[in-house]
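Reader: Before I rely on the terms used for this model, I would like to see how each of them is justified. Could you take me through the reasoning?

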Amino acid sequence: MTLPATTPELDIRPLTVRTGAEVHGVRLAGDLPQSTVAALRQALLKYKVLFFRGQGHLDEADHEAFTARFGPLQGHPARAALQGTKATLNLDSRDTRSSTWHADLTFLNAFPALSVLRGVEIPALGGDTLWANTAAAYTYLPKPLKGLVGELWAVHSNVYDSSALVPAGSSTAASFHAELAKKRVIETEHPLVHVHPETGERALLLGHFIKRLVGFNSADSARLLAILHDHATAHENIVRWRWQPGDVAIWDNRATLHKAVDDYNDAPRVVRRVTVSGTFATAIDGKSSVTRTSDASVGAA
C-alpha cells in the first residue's frame with residue numbers, strides 16, 4: 001500500500017534506511033492541529049518509530065493528552081497507572097529494565113497500536129533503546145521461510161522468563177515481577193505473521209511474550225523462533241536512540257520490536273509510557289487472534 005505523503009509542516013529526517021526518523025520543529029501537546037496529528041500518524045506508519053528532542057515541557061497530563069490524539073488510551077492489565085494519571089506507566093530501572101526484545105502487551109488479544117515514551121531521568125552513559133522493523137524483516141525473509149511462517153500461530157503469555165527484566169542482585173525487583181505474574185494469567189494465540197490494519201503490510205509478530213508455537217514442541221519452537229528473531233533484529237532493521245531528558249519516542253507497536261540496553265549499572269533510569277489501544281491481529285488468511293486464558297490463577301495455567 002502506498003502511504004500518503006506527509007504535510008510540508010513536518011521536518012522529518014530519517015535515521016536509517018529502513019527504520020526510524022527524527023522530527024524537528026514540533027512542540028508536542030494535546031492541542032496540536034489535527035493536520036499535524038494526521039501527518040505524524042502517516043510518518044509513523046512509514047518510519048515505524050519517530051523521535052523528538054527537547055520536549056521537556058510535557059508533564060504527565062500533557063503526555064496523556066498528546067497520546068490520546070491518536071486513539072483511546074490503554075492501561076496495563078496488571079500494573080497500576082502512575083499516581084494521579086489515567087494510563088501512564090512508570091518504568092523505573094530499579095523495578096524493571098525490559099532488556100529483551102518485545103512488542104508491548106502482545107499477550108492481550110487486542111494489544112496496543114502504538115506507544116509514546118518520554119525520557120524523565122536518563123543515565124549519563126548507556127540506557128539506549130533499540131527498535132527493529134518487523135515489517136521489513138518479513139519483507140526480506142527468504143521465500144521458502146515466508147511460506148512456512150505465514151501459516152504458523154504462537155501462544156503469547158504474561159507469564160514468562162522475566163530474568164532479563166530484573167536488575168542483577170535486586171531482590172526487590174525480583175519480588176515485584178514474581179507478584180506481578182501471580183495477579184492474572186492471560187494467554188492469546190496470535191498469527192506469527194499479521195496484516196497491519198492501516199497499511200496492509202505483513203509483519204512478524206514476535207517478542208519475549210511468546211510461550212511457544214502452536215503445534216510444535218518447546219525445542220522446535222525455540223529453534224524456529226530464534227531464526228525469526230535473528231532476521232527481525234538484523235542490524236539493517238534496527239535504529240538505536242540515545243536518550244536525553246525530555247526526549248519522546250513514538251512507535252508503531254504492530255510493526256516493531258524494542259528493547260532497552262541494560263548497560264548503565266546502578267544509575268537511575270526513569271521513562272514513562274502511554275499506549276493507545278489496538279485491535280486483534282489478523283492472519284494472512286483473515287483469521288483473528290484467539291484468547292486462550294484470562295483471569296486464571298498461575299496454578300491453573
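Author: The exchange below takes up a strand, its pairing and the cavities of this predicted model.

Reader: Why is strand β9 called mostly covered?

Author: A residue counts as buried when its relative accessible area is under 20%, and in β9, which spans residues 185-191, seven of its seven residues are buried. Val185, Glu187, Glu189 and Pro191 point one way, while Ile186, Thr188 and His190 point the other way, and all are buried.

Reader: How do you know that β8 and β9 pair?

Author: Pairing requires at least two bridges between the strands, and five bridges join β8, residues 153-157, to β9, so the two strands pair, and they run antiparallel. One of the partners in β9 is Pro191, to which Trp153 is bridged.

Reader: What makes the lining of the largest cavity four nonpolar, three polar and one charged residues?

Author: The lining consists of Phe111, His194, Pro197, Arg254, Gly278, Thr279, Phe280 and Ala281. Because Arg counts as charged, and Phe, Pro and Ala as nonpolar, while Gly is among the polar residues, the lining divides into four nonpolar, three polar and one charged. The volume of this largest cavity is about 40 Å³.

Reader: How many cavities of 30 Å³ or more are there, and what lines the second largest?

Author: The count comes to two, and the second largest has a volume of about 30 Å³. Its lining includes Ala103, Thr134, Asn253 and Arg254, and by class it has six nonpolar, three polar and one charged residues.

Note on methods: Residues numbered from 1 in each chain as written. Predicted model: local features only at pLDDT ≥ 70, side-chain atom pairs only at ≥ 80, totals over all residues. Heavy atoms only, no water. Buried < 20%, exposed > 50% of the residue type's maximum accessible area, 1.4 Å probe, protein only. Helix = DSSP H or I, 4+ residues; strand = E, 2+ residues; numbered from the N terminus. 1 Å grid on protein atoms, 1.4 Å probe; cavity = no way out; pocket = protein on both sides within 12 Å on 5 of 7 lines; lining within 4 Å. Points joined across faces, edges and corners; volume = space filled by probe spheres on them.
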